[in-house]
Each structure stands twice: as C-alpha cells, then as structure tokens.
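Open the structure in your viewer and keep the sequence beside it. The tour goes from one selection to the next and says what is there.

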Amino acid sequence: MKRSEFLQSLGLGATGLILPKSLLSKSMIKIYDNYVRGLHHYDFNKVKSQLNIGDTLTLKRDTENIHDSFAVEVYFQEYKLGYLPAYENISIANMLDAKVELPAKISFLKEEKDPYKRKTLGIEIFAELISPTPHLISELQNKRAEDAEDLYRQHYDF
C-alpha cells in the first residue's frame with residue numbers, strides 16, 4: 001500500500017492534527033435521515049404550526065432514560081419534540097457522548113390527523129468530514145516518509 005493510500009484509508013487519522021489546514025478539505029455529509037418518535041408525548045403539538053422543513057433541531061443525550069441507555073432527544077428551540085428511534089440511535093449517541101457536533105434539520109413535515117402515525121416529522125443529521133486535498137495527496141504520493149518535505153514546519157497558516 002502506498003503512503004497516500006494509507007493516509008486516505010485512515011482519513012488522515014491523527015496526522016490531521018499536525019497538517020496545515022490548507023491541505024485538508026471539510027464538507028458536511030448527511031449521516032442520518034429518519035422520523036422522530038414519540039411526538040404525541042411531548043411538545044410537538046405546541047409548536048407544529050411554527051415548524052418548517054430546514055429548521056434547525058438540537059440533539060441531546062438522555063443518559064437518565066431507564067428504557068434506552070442510548071436515548072437521544074430531539075428539540076426545536078426549548079421544546080422537546082421526541083426521540084430518535086431506539087433501534088438506530090447508538091452511533092449518534094456515541095458521537096454526542098464524544099462531543100461531536102451534529103447539526104440537525106427538519107427533513108420531512110406532514111400533518112397527520114391520527115397522532116399515533118409515525119411519519120410526521122423527519123430529521124436529518126450531518127457530520128463534518130475532513131479529507132485530504134489533492135495537493136496533499138500529490139505531495140505525499142510515491143515518497144518515502146524520510147524523503148517527504150516537512151510540511152509541518154514550512155510556515156503554513158495553521
């Protein structure tokens with residue numbers, strides 16, 4: 001495996017901490033898109049007329065939840081709307097526990113007469129992906145570690 005392929009496979013791993021920002025690119029990627037559960041138990045009916053697709057939602061860990069040790073609450077402003085489904089919240093919960101910023105938005109909104117219908121409020125969650133720029137790949141391609149330029153100390157703007 002070439003050095004550049006190794007770095008790509010790691011997503012730069014720990015080396016991203018010492019490389020200049022100009023050699024890294026950042027982009028937001030969608031990591032989750034599904035429906036919020038339990039809307040009829042919380043504040044959804046109080047604020048549903050204020051909600052629009054694209055509105056910002058906030059995720060909070062509910063570590064005191066006796067039914068689900070990976071519970072993730074969904075809020076609109078200070079109003080609790082519900083939870084992420086228990087069968088798919090583990091990764092999101094672990095990222096929140098690790099203090100990863102996970103912006104969330106409303107992806108689907110439909111008025112349902114039956115409050116127990118599930119497909120009423122959709123949520124999409126994003127994470128920041130950090131990846132090497134083409135410049136970094138070309139700088140490291142086909143070079144041995146001993147022969148590569150010391151990019152860390154070349155007065156790059158950190």
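**Start in a loop: Lys99**

Select Lys99, which is found in the loop between H3 and E5. The model is a predicted one. Lys99 is exposed, with a relative accessible area of 71%. Its phi is near 65°, a positive value in a residue other than glycine.

Now select Gln77. Where does Gln77 sit? Its place is in the loop between E3 and strand E4 (79–83). Gln77 is not a glycine either, yet it has a positive phi of about 55°.

**Step back to the whole chain**

Show the entire protein chain and colour it by secondary structure. There are 4 helices and 6 strands in the protein chain. Followed from the N terminus on, the elements run α-β-α-β-β-β-α-β-β-α.

The protein chain has 158 residues, and buried residues make up 37% of them. Turn on the surface: the accessible surface comes to about 10,200 Å², and carbon and sulfur atoms account for 51% of that. Among contacts in the protein chain with a separation of 6 or more, 64% are between residues 24 or more positions apart.

**The strands around E6**

Select strand E6 (121–132) together with strand E1 (residues 24–35). E1 and E6 pair in the antiparallel sense, over 11 bridges. To find one place in this pairing, pick Tyr35, which stands opposite Gly122 in E6.

Add strand E5 (104–109) to the selection. E5 and E6 also run antiparallel, and 5 bridges join them. Which residue in E6 is the bridge partner of Leu109? The partner is Leu121.

**The nonpolar core**

Nonpolar side chains tend to be buried together in soluble globular proteins. In this model the largest nonpolar core has 23 residues. Select Leu59, Ile92, Ile123 and Ile125, which touch the most other members of that core. Helix H2 (44–47), strand E2 (56–61), strand E3 (72–76), helix H3 (90–97), strand E5 (104–109) and strand E6 (121–132) each supply at least two residues of the core. The largest share, 4 residues, comes from E6.

Centre the view on Ile92 and show its neighbours. Not counting residues up to four places away in sequence, Ile92 touches Ile31, Tyr32, Leu59, Val72, Leu84, Leu102 and Ile125.

**A nonpolar patch on the surface**

Which residues form a nonpolar patch on the surface with Ile29? They are Ile31 and Leu129, and the three together have about 210 Å² of accessible area. Select Ile29, which lies in strand E1 (residues 24–35). Ile29 is partly exposed, with a relative accessible area of 34%.

**Salt bridges**

How many salt bridges are there? The count comes to 5.

Begin with Glu124 and Lys30, which form a salt bridge with their closest N and O atoms 3.0 Å apart. Glu124 lies in strand E6 and Lys30 in strand E1, so this pair ties together parts that are 94 residues apart in sequence. Is each of the two partners buried or exposed? Glu124 is buried, because its relative accessible area of 14% is under the 20% cut-off. Lys30, at 45% relative accessibility, counts as partly exposed. Add Asp33 to the selection: Lys30, Asp33 and Glu124 are linked in a network of salt bridges.

Next, select Arg61 and Asp97. Their side chains meet in a salt bridge, at 2.8 Å from N to O. Arg61 lies in strand E2 and Asp97 in helix H3, so the pair ties together parts that are 36 residues apart in sequence. Asp97 counts as partly exposed, at 38% relative accessibility.

Last, select Asp43 and Lys46. These two form a salt bridge, with the closest N and O atoms 3.4 Å apart. Asp43 counts as buried at 19% relative accessibility, whereas Lys46 counts as exposed at 58%.

Methods
Residues are numbered from 1 along each chain as its sequence is written. This is a predicted model: local features need pLDDT of at least 70, side-chain atom pairs count only at pLDDT 80 or more; totals for chains, interfaces and linings use all residues. Side-chain values use heavy atoms; hydrogens and water are left out. Patches are made of residues with over 30% relative accessible area and no salt bridge: like charges are joined within 9 Å, nonpolar side chains (Val, Leu, Ile, Met, Phe, Trp, Tyr) within 5 Å. Accessible areas come from the Shrake-Rupley method with a 1.4 Å probe; for residues, only the protein chains shown count as cover. A salt bridge is a side-chain nitrogen of Lys or Arg within 4 Å of a carboxyl oxygen of Asp or Glu. Buried means under 20% relative accessible area, exposed over 50%, partly exposed in between (1.4 Å probe, protein chains only). A nonpolar core is a set of buried Ala, Val, Leu, Ile, Met, Phe, Trp, Tyr and Cys residues joined through side-chain atoms within 4.5 Å. Contact means heavy atoms within 4.5 Å. Two strands pair if DSSP finds at least two bridges between them.
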